[in-house]
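Subject: Structure handover

Hello,

Here is the structure, with its sequence, for you to open alongside this message. My notes on what turned up follow below it.

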Amino acid sequence: MNAGSGAGGEDDELAAAMREARERFVASFSGRCDEIQSGLTAEGGDGPVPDGARQAIHRLAGLAGTVGFPEVSRIASEMEGALFTATANRSQLLAAVASMREVFQRAIDVSLPNARMTPKAATGQRVLVVDDDPEQRRLITRALEIGGYNVTVLPLADTVIETAERVRSAAVLLDVMMPGINGHLACRLLKAKPSVADVPILFVSSNSALDERLAGRGDLAAGRWPPGAGCWRPAGGRARPRPRSDPTRQSGAASDPRRPRAAGSAGPVRRRCGASPAAQYSISKEVS
Amino acid sequence: MSALILVAEDDPDIQLIARLALKKAGYRAEVFDNGRLLLDRLRTGARPDLIVLDWMMPELDGPSTHALLKADASTSDIPVVLMTAASEAASRFPGVAGWIGKPLDPTKLGDCVRIILESA
């Protein structure tokens, strides 16, 4: 029995799956490490390592190498082996988690296409980033600064309105899943406040399902934070939708001096974020 | 008809990548979250040309699934491959047709399967 030959579309399909798996891995890495760490420190660090932590290490070892983090995979595999043979104590395993985080961070820094670029001159525009994950905040801040933006970060959304007003943010990036006020609620609060209601909002989420996007009624469709998008810019902003059949439909960003322009090489954010123009249209319609 | 490969792997991303890599290589592939679900599929009449089992899975892991497959006369002749980072242990594991190293390299999975199918 023979195998047939693969078609070009399958190449694309596999490449897209690899890319998305990598994005999900990057977005989840910190949480995976936290899960392992809390398993290793549970009950004062005595007794057998909980199954949840073992599984998390095993999955990390398996997936990291496949999605392009071989060093992370190597460390996780060593941890798995040490757990199996009981040849490492908790503090050694915790040190391995720390070194896995470092190795991951270095790999991410290298993978940012413009990581070695000198940041562009500040545009004077400020972007407010609200995300409870410090690693994501760092990544987003770095990418925006390279793109020439000033960045204000918040770990929680409880002061998002006051902060957006105070710093006169040109755009707000909201993580969807946050403790307390989540991204959807924060979006509604911002939209209900006249002084900041016209500030474009982008959701940062690993869940690109349309329902998820619509639930927040953001100006732009929700999307995944694209790792590697070093010069990514919150292009488009609050697009005024034209009929979908209009081939000239553009983001409309250029007409508003307060709104960041799209970086030519970066492409429109909705493409990078995996959100369709149709979704953008629907959502813009909701909030207009 | 191209060869049918059943894969048991608990990580959803690896599942998808393995399925697409096998599809790209021209195989028909079905993936399952664990060995138990794969065995259930065999009971509904699937006759795969090869079974790929992740070593460590919840509910029913690779070695246990392999043992059940070999103990059942209706499935004992289906070649089984273990997928694991512990390649040394896998290479010594009795009764398997081969092993695939982890981390899984999707660019090599099709070739690995072809080689194993040809030698099985």
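C112(B) is partly exposed, at 28% relative accessibility. The cut-offs matter here: under 20% would be buried, and over 50% would be exposed. C33(A) falls on the buried side, with a relative accessible area of 0%. As for disulfides, a search of the whole structure over all chains finds 0. Please keep in mind that this is a predicted model. Every value below is computed from it.

Helix packing comes next. Two packed helices are described by the angle between their axes and the distance between the axes. I have three pairs for you.

**Between the chains: α2(A) and α1(B)**

Helix α2 of chain A covers residues 51-66, and helix α1 of chain B covers residues 12-24. Their axes lie 10 Å apart, at an angle of about 40 degrees. The two helices are therefore oblique to each other. Their crossing is left-handed. On the chain A side, the contact uses R59(A), G62(A), L63(A) and T66(A). On the chain B side, P12(B), D13(B), I14(B) and I17(B) take part. By class, the residues of this contact are 4 nonpolar, 2 polar and 2 charged.

**Within chain B: α1(B) and α5(B)**

Helix α1(B) also packs against helix α5 of chain B, residues 106-119. The angle is about 60 degrees, and the axes are 8 Å apart. This pair is therefore oblique. The crossing is right-handed. From α1(B), the contact residues are I17(B), A18(B), A21(B) and L22(B). From α5(B), they are P106(B), L109(B) and V113(B). The class count is 7 nonpolar, no polar and no charged residues. Note that I17(B) appears in the contact with α2(A) and again in the contact with α5(B).

**Within chain B: α2(B) and α3(B)**

What is the angle between α2(B) and α3(B)? Helix α2 of chain B (residues 35-43) and helix α3 of chain B (residues 62-71) cross at roughly 25 degrees. Their axes come within 9 Å. Angles under 35 degrees count as roughly parallel, so α2(B) and α3(B) are roughly parallel to each other. The crossing is right-handed. G35(B), L39(B) and L42(B) come from α2(B). They meet T65(B), L68(B) and L69(B) of α3(B). This contact divides into 4 nonpolar, 2 polar and no charged residues.

**Backbone points to check on screen**

Start with the cis peptide bond. It joins K102(B) and P103(B), with omega about 5 degrees. P103(B) sits in the loop between β5 (98-101) and α5 of chain B.

Then look at two residues with positive phi that are not glycines. In chain A, R168(A) has a phi of about 50 degrees. Its place is the loop between α6 (160-167) and β3 (171-175) of chain A. Is R168(A) buried or exposed? R168(A) is exposed, because its relative accessible area is 61%.

In chain B, E59(B) has a phi of about 70 degrees. E59(B) lies in the loop between β3 (50-54) and α3 of chain B. At a relative accessible area of 63%, E59(B) is exposed.

Best wishes

Key:
Residues numbered from 1 in each chain as written. Chains lettered and ligands numbered in written order. Predicted model: local features only at pLDDT ≥ 70, side-chain atom pairs only at ≥ 80, totals over all residues. Heavy atoms only, no water. Axes fitted to C-alpha atoms, helices over the stretch in contact; angles between N-to-C directions. Helix = DSSP H or I, 4+ residues; strand = E, 2+ residues; numbered from the N terminus. Parallel < 35°, antiparallel > 145°, perpendicular 65-115°, else oblique. Left-handed = near helix turned anticlockwise from the far one by under 90°. Contact = heavy atoms within 4.5 Å. Nonpolar A, V, L, I, M, F, W, Y, C, P; charged D, E, K, R; others polar. Disulfide = S-S within 2.5 Å. Buried < 20%, exposed > 50% of the residue type's maximum accessible area, 1.4 Å probe, protein only.
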